[in-house]
Amino acid sequence: MALFIVSPPAIEPVSVPEVRRHLKLDSVADDDLIAGLITSARQHLEMILGQAFITQQWRDVRDGWPAARTPVLLARGPLRSLDAVRVIDADGVAEVIAAENYLVDPISSPARLVCASGEAWPRPGRTLNGIEIDFTAGFGSLADDVPGPLRQALLLLVTAWYEARHPVDFTPDMSGLPTPVAGLIAPYRLRCLA
């Protein structure tokens, strides 16, 4: 499975002026640095959590379907919409699977996709990357749609990186995060129980 961003978020959950106020900076000299830190920190927290903060579109590319009756788990949430499910044939032509042939569970975390009752998923015509699932994830399109604790965690992480100015350990878990940041984001971590 590979996950690709198709359309990144239009805005960031926190703005450069918000971070500047948080840092108590009067100068705009570091605005470009701060903007880069905001984007990097958001992407890092989204990776750790398996969550998209601001609405964005993703493509999940797979080689094959899971075993019968096993749901496809979408690796980025919260799910806003399932936009398309396609199967690629041996000639590279994509066939869109009609929405009535599958069920989507947007309530679960992660969201689940299953074949409709009595239906079988069509087999891809190529061995690698034969299935594409396009979906939209995120808390919403506005900064205020992002839960307050996640916005606060983002401010704290940007502040820590701005003040430290040294290489950051980008681990896929919370071990490299400042303790207050890890505590704020812990309730939002996507967990697979299966």
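These legends go with a few close-up views of a predicted model. Local features need pLDDT of at least 70 and side-chain atom pairs count only at pLDDT 80 or more, while totals for chains, interfaces and linings use all residues. Residues are numbered from 1 along each chain as its sequence is written, and side-chain values use heavy atoms, with hydrogens and water left out.

**View A. Helix 3, residues 148-164.** Helices here are DSSP runs of H or I with at least four residues, and strands are E runs of at least two, numbered from the N terminus. At 1.5 Å a residue (times one less than the number of residues), the 17 residues of helix 3 should span 24 Å, and the end C-alpha atoms are indeed 24 Å apart. Its buried residues (under 20% relative accessible area, 1.4 Å probe, protein chains only) include Leu-154, Leu-157 and Trp-161. Just after the helix, Arg-165 takes a positive phi of about 50 degrees.

**View B. The largest nonpolar core.** A core is a set of buried Ala, Val, Leu, Ile, Met, Phe, Trp, Tyr and Cys residues joined through side-chain atoms within 4.5 Å. This one has 26 residues, and Val-19, Leu-45, Leu-177 and Ile-185 have the most contacts inside it. Helix 3 gives the largest share, eight residues.

**View C. Around Leu-177.** Leaving aside neighbours within four places in sequence, Leu-177 is in contact (heavy atoms within 4.5 Å) with His-44, Leu-45, Ile-48, Leu-157, Ala-182 and Ile-185.

**View D. The open sheet.** Five strands line up as 1-2-8-4-5, with antiparallel pairing (at least two DSSP bridges between two strands). Strand 1 (2-7) and strand 5 (94-96) are at the edges with a single partner strand each, so one side of each has no neighbour in the sheet.

Note on methods
Buried < 20%, exposed > 50% of the residue type's maximum accessible area, 1.4 Å probe, protein only.
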